[in-house]
Amino acid sequence: MSKHDDLVKKLKEIFQIDRPELDFGVYRILNARVVEISDYLENRLKAKVGESLVASGAANVEGVQKELKEKEAQYLADGIDPETVPKVRELRQKLADYSVGASEHENAVFTHLLTFFSRYYDSGDFISQRRYKGDTYAIPYAGEEVVLHWANKDQYYTKSGENFSNYAFKLDDGRSVRFRLVTADTAKDNRKDNDKERRFVLIEPITRTLSDDEGNDYEETWLPVAEENGELVLRFEYKAMPKGTKQDALVVDATNQVLADPIVKARWLDLNKREPTEKNPQRTLLEKTLTSYTAKNSADYFIHKDLGCFLRRELDFYIKNEVMNLDDVQHAEKFADIEKNLRLIQTLRAIALDLIAFLAQLEDFQKKLWLKKKFVVSTHYGITLDRVPESLYSVIAANPLQWEQWENLGMLNGKVDLINQAEVGSVDYLKEHPYLMADTALFDVSFKYALLAAVDNLDDSLDGLLIHGDNFQALNLLQERYREQVKCIYIDPPYNTGNDGFPYKDGFQKSSWITMMQNRAELANTLMSNEALFFQQIGDEESARSMLLFESVFAQRKNSVVVRRGIKNVQAQFEDIEKLNQGHDIIHIFAKNSKIRVPHLVQEFGIDKSGKWDTFWRGTDRPTMRYELFGINPESGQWRWESGRANKAAKDYQEYLEKVAPLGKTLDEWYVENIQAGVELNFVRLNEQNVVQYYIAPQSGRLISDNWLDIPASGSFTDFAHEKGLALLSRVFGWNTNEGDILLDYFAGSGSSGHAAIRALKSKRKYILVEQGDYFDTVLKPRIQKVAYSADWKDGKATAPHTGISHAFKVLKIESYEDTLNNLQLRRTKPQQDLLDTLPESAQEDYLLRYLLDIESRGSLLSVEQFNQPFNCKLKVTVDSAGAYEERTIDLVETFNYLIGLRVKHIDVQRDKGFVLVTGWLPTGEKTLVLWRDISQVDYEALNRLCDKLAINPADSEFDIVYINGDHNIPAVFTSLETEGGITKTLKIRQIEPEFLSRMFAVEGV
């Protein structure tokens, strides 16, 4: 194999087109243009190297020939025979060298390109591996006192549980075979299948009853083998099987079952084509692909933040140090080698820059998809009945799903008859239990719309926000709505022990983890108010690195607190152990603003301790602290305070005796009154025994240091493996937040932070919880519903319903990165292709290398046409943690609210009439109306009539900004503002489409 062939093989791997049969995600995108990419790599690349070498050589030859001619003429004019001059002989030798060696230079170019790209590419990602000399690496350094560096520092961590759940491949005739994972049978409530193991198996035929967006039921039948839209679809489930069940055996069974299916035997015989291996000479194409599918995939861990800049910088370094060898320029013969290889260097750099441009296009495209604000897939609410209009009680009482949920949550105390009577209704029971929570996810959309219509100041009325999705994507979506509003962030992330399920690239456990933490902390930082604190609880494995990392993200580290962890007694059975068991965790505390001061942290005693007097003299001997006080000047020891403070304290006490004590106030009462007014007094006296004393103020608690070993870190409200204790969270949140402040936990787990915000403090806080795990619906959300209904629980049953509180939260499910890839398509229209064919070859190459992906993906993720019927916009979205997906209607209205940061006041949904009205305020304080309409129902004239009927006149001063989707003939209004140097005109009526697309792909601050 030639050097060129070796390079092409490596580049196909890097460009991810070495597996052309795969038809999903990034593979599908690139394979859509695999012919063009392969032609460039296999043909044009080699031709360009040759052309560049020839052009470079010709330029060099021309220059040397010119110089030789001038020298010969000069020496002849001076009467010197040019043949005797060393310089002339040197120039003639250069000409001879330039005339040969093109083939040698060509191989050298391919060799260097292969070495360079192989050096920085590592199993799907580009890792900084700049070699200074030999095995010595150089790292970026800008003169900081201390710098933390790791392999993936300049990248985004994107791994979020993606498997080959949507695996597809193409046959030689172009037809596709698609493996679909239906809603998987995954372990619930964070429990492991102790006696079983999960395996991929073909499904049994199944008919499901589903509901559409309007609440109408319909049936859908799934078969293990089916033809759909010209594709062969094979459906699997991820099923619990007896321990010892081998996936290989299940693959063989599935292969035999599929190949025996009449559909396959009639029209898909290519699946039976032999793809033998040494161990399995009878292996078929289907068995090969099934083995790959069930083995799962672990790609797409990282996306480089600026791959083009990184590789161009590294290329210059590589050329200077390993091609030119600049360290040896003091040796004349080495300098001559550099000059001799100049055309190789010129060609190498030119070709490498082209390839870098191509790679940067691919990486930047994936970065664009990663940073794209994700759609809100669904929006639901949980609202206690005291906030629900009684007119809706009959609908709630008639819904058996709601009664079943309350029973499963332990709220009905076994009153199953209520469930059985649901069709008749039990409205009286609802009125007697106002803190049961209505869950709109269990009702049709008309109920949700009616409920929302009854709520004014919607966002302000909500106590919590629960987000089901990747925490990076959630934080990214929240940027406009919650920028600089969060008062406290607490996270308890995976401890990166190697046994906690954190997915990492082979050999990059630490680097993967720290990159993931950095990406998310940077987004969280922008959500924090100027006075906010950030708490990270962590184990010993990553404590030191975490501290260095977050010191580079936040303005200042305030403390590193030690907190008690439960100790396992398993050590006791061994005489010797590998290391001591860890009995503590660390909580690092960081501030958004280095200038903020934090209040004292006090542990309350439960009862107040009265003030008391104690001796003012101390035995420690400090002459500078000895002075006359009350006529006493000690010869040894010292007074407790310096003289100024002590004399003022004596005067303050005398003032109390003369002016306050006659009014009947005790010294404790006088001290507390002054403290409440912001004045702290000290008192010193001479008692009847002639002893100088100072006053110790009344105490209701003690000051706490950074030693928190008095409270445990763990909790026990749920069966969740890593639940945090309410006492710990009460201390964290109670210390630096007040009533109504917003708390954020983007590793929410079982929901302990939300529980603490609702129940563990004297006054409620608002909370935002983000969790991706499938236990979101089985642990986290039910926990919030429970603690609102009752403060106390035992054996899963509410024991104190009378302690219920009024509460409301919103639940968002958001699109994932994998969803984005699954919905992506490249589209090249015939006019585009015709235009491309007319361009010169150089322009076609430029399009391929730099613009193809961005241009041809436009309209794939969201097209302007979809805004014409915004309530029916559908996407393929994952429905469980195993990756099974279904086509669902997404919530464009809610997505846009977050994109513009709208604080929603009121939502009026009139879907039957084709419109939705949303009012609220932008972060700028501008009062805003967002009007969504189905253009097929509300056209130009209907829109005008609607505005008149609803008394909405966009031209008056009721709203500062009005957003409307689609074309309309409502006159635009400009607001004139006097600014320095002239008049600024602001458009008052804005179109939703451009604003939506602009904000969705905006990357400022990310």
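Two strands count as paired here if DSSP finds at least two bridges between them. In this predicted model, strands β17 (residues 486-491) and β18 (residues 528-538) clear that bar, with five bridges in the parallel sense. The pair belongs to an open sheet of eleven strands with mixed pairing, and the notes below start from the whole chain and work inward to that sheet and the helices around it.

**The chain overall**
- The protein chain has 1006 residues, and 49% of them are buried.
- Its secondary structure runs to 33 helices and 42 strands.
- Take the contacts with a separation of 6 or more: 73% of them link residues 24 or more positions apart.
- About 48000 Å² of surface is accessible, and carbon and sulfur atoms own 49% of that.

**The eleven-stranded sheet**
- Reading across, the strand order is β15-β14-β33-β16-β30-β29-β17-β18-β20-β19-β28.
- At the edges sit β15 (437-439) and β28 (707-712), each of which pairs on one side only.
- Ignoring direction, neighbouring strands in this sheet are turned by 20 degrees against each other on average.

**β17 and its two partners**
- On the β18 side, Y490 stands opposite F535, and V486 stands opposite M528.
- On the other partner, β29, the strands also run parallel, joined by three bridges; there, I489 has L744 as its bridge partner.
- As for cover, β17 is mostly shut away: six of its six residues are buried.

**Helices packed on the sheet**
- Helix α20 packs on the sheet and touches β17, β18 and β29 (742-745), with its direction at about 155 degrees to that of β18.
- Helix α25 (residues 752-760) packs on the sheet too, touching β17, β29 and β30 (766-771); its direction makes about 170 degrees with that of β30.
- So β17 turns up in the contact lists of both helices, because contact here means heavy atoms within 4.5 Å and each helix touches that strand.

**α20 against α21**
- The axes of α20 (residues 509-527) and α21 (residues 543-553) come within 10 Å and cross at roughly 35 degrees.
- The crossing of α20 past α21 is right-handed.
- From α20, the residues involved are K510, W513, I514, M517, Q518, A521, E522 and N525; they meet R545, S546, L549, F550 and V553 of α21.
- Sorted by class, that contact holds seven nonpolar, three polar and three charged residues.

Note on methods:
Residues numbered from 1 in each chain as written. Predicted model: local features only at pLDDT ≥ 70, side-chain atom pairs only at ≥ 80, totals over all residues. Heavy atoms only, no water. Axes fitted to C-alpha atoms, helices over the stretch in contact; angles between N-to-C directions. Helix = DSSP H or I, 4+ residues; strand = E, 2+ residues; numbered from the N terminus. Left-handed = near helix turned anticlockwise from the far one by under 90°. Nonpolar A, V, L, I, M, F, W, Y, C, P; charged D, E, K, R; others polar. Buried < 20%, exposed > 50% of the residue type's maximum accessible area, 1.4 Å probe, protein only. Areas by Shrake-Rupley, 256 points an atom, 1.4 Å probe, with all protein chains shown as cover.
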